[in-house]
Amino acid sequence: MYTYNSTRYPVNRFTLQSSCAQSHSFSFGGAAENTPPIMSAPTSQSSSPSIQICRIMRPDDANIVGNVHGGTILKMIEEAGCIIGTRHCNTQTGDRCVAALARVERTDFLYPMFIGEVAHVSAEITFTSKHSVEVQVSVVSENILTGARKMTNKATLWYVPLSLQNVDKIIEVPPIKYSNPELEELGKKRYEAQKLERFETKEREIITGVSLPERQTKEPYTVGFSQSSLIHLIGPSDCTLHGFVHGGVTMKLMDEVAGIVAVRHCKTNVVTASVDAINFHRKIEKGCVITVSGRVTFTSNKSMEIEVFVDADQLANAEEGKYRAVTAFFTYISLDKANKPLPVPPLKLEDEEEQKLFEEGKQRYLQNKAKRMTDKERKQ
């Protein structure tokens, strides 16, 4: 049995363990295939729970050179968060509910993961407000031939519990116990910060048309040359018990489109380096057709920023019309055949709108770079 235990918070925990001898997937509402999960009940409903899942990476999880897709990892992160968030919110009496993903904070991909490695995903509830749950997730890759392990990802997700009887009803969240008051105060600050950022991204809910010109008519390294879209019909296997799409499914599709854009721009192998905050503005219902669109907005010497947004269209409800459901920025790097970073071709800008998006992307790039430097100095 393989488990990865976080020791950041000295609290009682839920645990979900699975045998990694085979490849197993976990999703809310069902146990792992073939192997029943072993669960320990919490000693207190108000304790801070955590969960650990693991799965071996298969060829269909990776690109043509063996790097696991960032979207595959994002999907596993969201599944772990959904399980622990839903379980915690149902530890009280009253309406049964499912935790719906509302936001993913900036997520960095620290090291690549490869086919044959085992992903250990650990999720822990670190803060609760009246109507939301903060889940912190870490991902560790294990080379099962050598035993070597690396921390590949850390992410923070925010969930809102929705009633199974009424999808528009938000359930109150059971509070957790904190080992000291400082942890609760830090959680409150993170909660207020994400609320403010969500408010600031409201304008991105407005649908702005993105034309997809014939690539043959566009010059290489322009926005129009690499711009890409994917159309997907939301089916039952994509959805929660409510009949709305899993956040992890959406993130995986977004990463696929961003990857296509990055490859078209660089014409090399690429990997996901980071994802800025992903905001889920509106729910996407089963039967909707979604259009996932991506375009390069900024390039530095070593990376490129790709804006990705998801528009949903309810085919059976013409009155609803198309709406913007999810927005995010992905950062990719270009790699050679030996997985070494390559310079990214500069983006050729053709109009004022592209110049405006480029300058905004440059500001995000500089802010993130400064934050990384500050974090590095703090650790030293």
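Which residues does isoleucine 284 touch, not counting residues up to four places away in sequence? With contact meaning heavy atoms within 4.5 Å, the list runs to Ile234, Gly243, Phe244, Val245, Ile290, Val310, Ala312, Tyr323, Ala325 and Val326. This is a predicted model, where local features need pLDDT of at least 70 and side-chain atom pairs count only at pLDDT 80 or more, while totals for chains, interfaces and linings use all residues. Residues are numbered from 1 along each chain as its sequence is written, and side-chain values use heavy atoms, leaving out hydrogens and water.

Ile284 also shows up in the largest nonpolar core (buried Ala, Val, Leu, Ile, Met, Phe, Trp, Tyr and Cys residues joined through side-chain atoms within 4.5 Å). Of the 71 residues there, Ile284, Val292, Ile306 and Phe330 touch the most other members. A second, separate core has five residues, including Ala102, Val160, Leu162 and Val167.

Now for helix α4, residues 247-266 (helices are DSSP runs of H or I, at least four residues, and strands are runs of E, at least two, numbered from the N terminus). The ends check out nicely: the C-alpha atoms there are 28 Å apart, which agrees with the expected 28 Å, taken as 1.5 Å times one less than the number of residues. In α4, 15 of 20 residues are buried (under 20% relative accessible area with a 1.4 Å probe, protein chains only; exposed is over 50%, partly exposed in between). Right after α4 comes lysine 267, with a positive phi near 60°.

Serine 334 sits in strand β14, residues 323-335, and is buried, at 1% relative accessible area. Among the residues Ser334 touches are Cys266, Thr268 and Lys340.
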